[in-house]
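Colleague: Before I use the labels in your notes, I want to see how each one is earned. Walk me through them, please.

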Amino acid sequence: MNEPDTSTIDINGFPTRVWRLGSGPTIGFLAGYGGLPKWIPFLDRLAETRTVIVPSLPGFPGGDRGHTVLDSHLDWLLAARDLIDKAGLAGGDLIGSSVGGSFAAELAAIWPDKVKRLALIAPFGLFDAREPAADPWAQKQEDIAALMTRAPEIYKALKQMPSGANSIEWPIEQTRAAEAAARIFWPLGNTRLERRLPLIKAPTLILWGAEDRLLPASYADSMARAIGGRAKVELIAAAGHLAELDKPDEVAAAILRFMP
Amino acid sequence: MQFLWFHLMPYKELPEDFKEKHPSVWVDIHSSLFDPKRAHHMYNEFLDELEFAAACGFDAICCNEHHSNGYGLMPSPNLIASALARRTTNTAICVLGNSLALYNPPTRVAEEFAMIDCISGGRLIAGFPVGTPMDTTFAYGSNPSLLRERYYEAHDLVLRAWKEKDTFAFNGRFNQQRYVNIWPRPVQQPHPPIWIPGAGSVETWRWAAEMDYVFCYLSYYGYKMAQNVMQGFWEEMARLGKDRNPYRAGFAQVVGVAETRQQALDLYTGPAEYFYGRCLHVDPRFAAPPGYVTEATQRAGIESQVRMAAEGKAAGGPATNASSATKMQSLARDMQNIVANGYVIVGSPDDVAEQLHELATTLNVGQLMLLMQFGNLSSELTKFNTRLFAEKVMPKLKGLFSEWENRWWPRPMESRQRAALPAFLPQAAAP
């Protein structure tokens with residue numbers, strides 16, 4: 001596994017981590033539920049042909065306590081815009097997964113110049129009462145992993161404290177990530193994103209883990225129908241909600257095929 | 001020492017196999033278990049019991065707020081408190097309390113508490129809980145990451161609404177109101193005494209101390225389990241330079257008194273097992289929405305676990321995390337454990353007085369909240385328990401802490417200035 005370069009940008013006064021690896025045209029990644037306490041293989045696949053830039057969302061690992069000053073949806077979106085501007089992602093290709101997918105979609109909708117091509121992996125933002133999403137915040141601690149990845153050990157390994165980490169701050173940081181997601185998406189995950197989807201004109205690839213237990217894969221089609229520009233749906237076999245963790249090769253390949 | 005008689009108003013007919021067949025008493029408890037016609041009788045008996053406690057000479061009668069809860073049938077404690085205000089004369093009425101962040105606008109709390117204070121002639125104790133995660137974030141959908149900030153802001157709004165003489169604009173982070181001007185205004189000026197129910201959150205202790213409010217630890221797990229929390233509270237008071245006035249603190253305790261210890265065990269075992277077995281059967285997935293417990297409290301909890309592990313002891317510390325509540329629940333399976341762990345205090349009047357004396361002095365608590373109806377305890381036994389306590393236990397403890405001034409007690413209008421009870425009492429008017 002390669003080591004990314006780490007730099008720090010300022011978002012609303014909070015030091016915010018940006019990872020960078022590889023060469024070639026930039027491609028950004030906004031991570032999903034739980035964030036990225038560690039680098040993941042999916043990013044290595046992308047970095048084989050592209051410059052991968054991964055800024056942390058406020059409150060997610062690497063994003064300090066940036067969520068604490070964000071009260072409204074507009075506050076969050078302006079922070080996300082600031083993030084891709086300062087990370088050097090404006091105008092490039094953008095991938096967002098889960099929680100990050102919702103931000104990627106909003107950015108492409110509201111500031112179309114910021115996003116050239118868009119890939120969304122099971123994004124938050126919708127709720128269909130006929131097929132309700134599961135509640136990630138009302139779970140026993142030991143049940144969360146199975147809701148996030150098809151193979152629970154993959155999510156558990158991502159969240160496992162590495163040797164040498166601060167044993168008090170590490171668990172607090174993981175809880176903070178769940179809190180940050182709750183702060184914007186509580187209680188149903190519904191930000192009425194469907195109202196902005198028609199504004200998206202960038203070519204959009206929607207990927208969904210065929211075995212997503214958190215957000216039903218049926219949301220992919222309603223999302224594709226609502227998007228203003230060209231949108232293509234692909235299901236990732238044998239993958240759960242965070243498909244990029246379950247199937248890093250397949251997800252990266254699908255994205256790079258769509259935005260070569 | 002002050003004695004407050006506290007009713008949770010549990011639904012008393014949860015099925016025997018409730019714990020096996022149903023995941024939770026709270027949040028998603030099934031509606032088929034609720035019979036409104038049975039609840040009619042329960043509510044009326046509960047109100048009778050509170051009024052009976054007032055008549056027996058308890059210093060205050062208390063109610064509280066819960067939502068979607070099979071052991072607490074008071075989504076609106078203010079409805080209960082207003083009924084009590086009309087049917088009692090001298091007893092303080094303690095509403096413990098209104099979960100401020102759930103009221104939109106929170107000005108509503110300032111208004112309703114002022115109404116109760118007016119109707120009762122200034123007998124209200126105003127409780128402001130943050131509210132449990134089950135009530136606030138799950139049943140009411142309030143955002144756990146914003147709950148505490150909303151709570152503090154709502155508190156500021158309510159206090160200003162009580163104190164300011166002129167109409168004002170409130171320009172808050174979460175609440176904006178152009179014209180705040182409550183009618184009616186509270187009898188107690190500048191406002192009724194404020195009590196803060198809470199658990200082991202360091203911020204809550206500090207804030208209650210800074211504001212000079214009473215901190216109430218509402219645990220169902222007895223005084224032995226509470227020692228860590230109350231010790232932490234008093235250490236924090238010492239750090240803040242506050243005195244050890246025991247009236248700064250309240251504590252809730254389940255109590256069953258009878259003529260003898262054996263009689264008490266015979267009478268109260270079933271209801272106590274009902275309470276701990278069925279009423280406190282809460283699905284652990286509702287225990288810890290992220291953000292509800294502040295990072296400072298999480299940090300204190302983890303540090304205490306690390307320290308206890310290093311010392312080879314079982315973890316204690318702030319009892320706000322799911323695992324400790326689950327652990328305590330598993331200890332509460334049968335009466336032997338319930339009594340041995342001190343969750344309930346049962347016995348003869350002398351036994352009970354002795355244990356409550358120990359409770360009050362070890363925790364240094366002057367505001368004692370007594371849960372004397374618990375689980376499915378019948379109304380008849382509840383009154384027996386209440387009367388015996390008032391006659392034989394209270395006198396033994398009444399003088400405790402008499403060297404301290406209780407600055408957190410209602411200051412009602414003088415009784416000769418207050419409205420007289422009507423001559424047409426309801427029972428007299430009934431056919």
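The exchange below takes the labels one by one, for a model that is predicted.

Colleague: Start with chain B. Why is α13(B) called oblique to α14(B)?

Modeller: The axes of α13(B), residues 349-363, and α14(B), residues 379-397, cross at roughly 45° and come within 9 Å. Under 35 degrees would count as roughly parallel, and 65 to 115 as roughly perpendicular. The crossing falls in neither class, so α13(B) is oblique to α14(B). Its hand is right-handed.

Colleague: Which residues make α13(B) and α14(B) meet?

Modeller: From α13(B) come Pro349(B), Asp350(B), Val352(B), Ala353(B), Leu356(B) and His357(B). They meet Leu388(B), Phe389(B), Lys392(B), Val393(B), Lys396(B) and Leu397(B) of α14(B). By class, this contact of α13(B) with α14(B) has eight nonpolar, one polar and three charged residues.

Colleague: What are α4(B) and α6(B) to each other, and why?

Modeller: Helix α4(B) covers residues 107-120, and helix α6(B) covers 147-163. Their axes come within 8 Å and cross at roughly 45°. Set that against the 35 and 65 degree limits, and α4(B) and α6(B) are therefore oblique to each other. The crossing of α4(B) and α6(B) is right-handed. On the α4(B) side, Thr107(B), Val109(B), Ala110(B), Phe113(B) and Ala114(B) make the contact. On the α6(B) side, Leu157(B), Val158(B), Ala161(B) and Trp162(B) do. The split for α4(B) with α6(B) is eight nonpolar, one polar and no charged.

Colleague: And what makes α2(B) oblique to α3(B)?

Modeller: The axes of α2(B), residues 36-56, and α3(B), residues 77-87, cross at roughly 50° and come within 10 Å. That angle again sits between the parallel and perpendicular classes, so α2(B) is oblique to α3(B). The crossing of α2(B) and α3(B) is right-handed. Leu47(B), Leu50(B) and Glu51(B) of α2(B) make the contact with Ile80(B), Ala83(B), Leu84(B) and Arg87(B) of α3(B). The residues of α2(B) with α3(B) divide into five nonpolar, no polar and two charged.

Colleague: Now the interface. How many residues of chain A are in contact with chain B?

Modeller: 23 residues of chain A are in contact with 22 residues of chain B. Together the chains bury about 1,900 Å², with 57% of it on carbon and sulfur atoms.

Colleague: Why quote an area at all?

Modeller: The accessible area lost when the parts come together is often how the size of an interface is given.

Colleague: What makes Arg176(A) and Glu295(B) a salt bridge?

Modeller: Their side chains meet at 2.7 Å, N to O. The cut-off is within 4 Å, from a Lys or Arg nitrogen to an Asp or Glu carboxyl oxygen, so the pair qualifies. The count between chain A and chain B is five salt bridges.

Colleague: On to the backbone. Which peptide bonds in the loop between β3 and α4 of chain B are cis?

Modeller: The bond from Leu96(B) to Gly97(B) is cis, with omega near 10°. Gly97(B) lies in that loop between β3 and α4. The bond from Asn104(B) to Pro105(B) is also cis, with omega near -5°. Pro105(B) lies in the loop between β3 and α4 as well.

Colleague: What is the phi of Ser98(A)?

Modeller: Ser98(A) has a positive phi of about 60°, although it is not a glycine. Ser98(A) is found in the loop between β5 and α3 of chain A.

Colleague: Why flag such cases?

Modeller: Because most residues other than glycine have a negative phi, and most peptide bonds are trans.

Conventions. Residues are numbered from 1 along each chain as its sequence is written. Chains are lettered from A and ligands numbered from 1 in the order in which they are written. This is a predicted model: local features need pLDDT of at least 70, side-chain atom pairs count only at pLDDT 80 or more; totals for chains, interfaces and linings use all residues. Side-chain values use heavy atoms; hydrogens and water are left out. Axes are lines fitted to C-alpha atoms, for helices over the stretch in contact, and angles run from 0 to 180 degrees between N-to-C directions. Helices (H or I, at least four residues) and strands (E, at least two) are DSSP runs, numbered from the N terminus. Angles under 35 degrees count as roughly parallel, over 145 as roughly antiparallel, 65 to 115 as roughly perpendicular and the rest as oblique. A crossing is left-handed if the near helix is turned anticlockwise from the far one by less than a right angle, and right-handed if clockwise. Contact means heavy atoms within 4.5 Å. Ala, Val, Leu, Ile, Met, Phe, Trp, Tyr, Cys and Pro count as nonpolar, Asp, Glu, Lys and Arg as charged, and the others, Gly among them, as polar. Buried area is the accessible area (1.4 Å probe) that two parts lose on being put together, summed over both.
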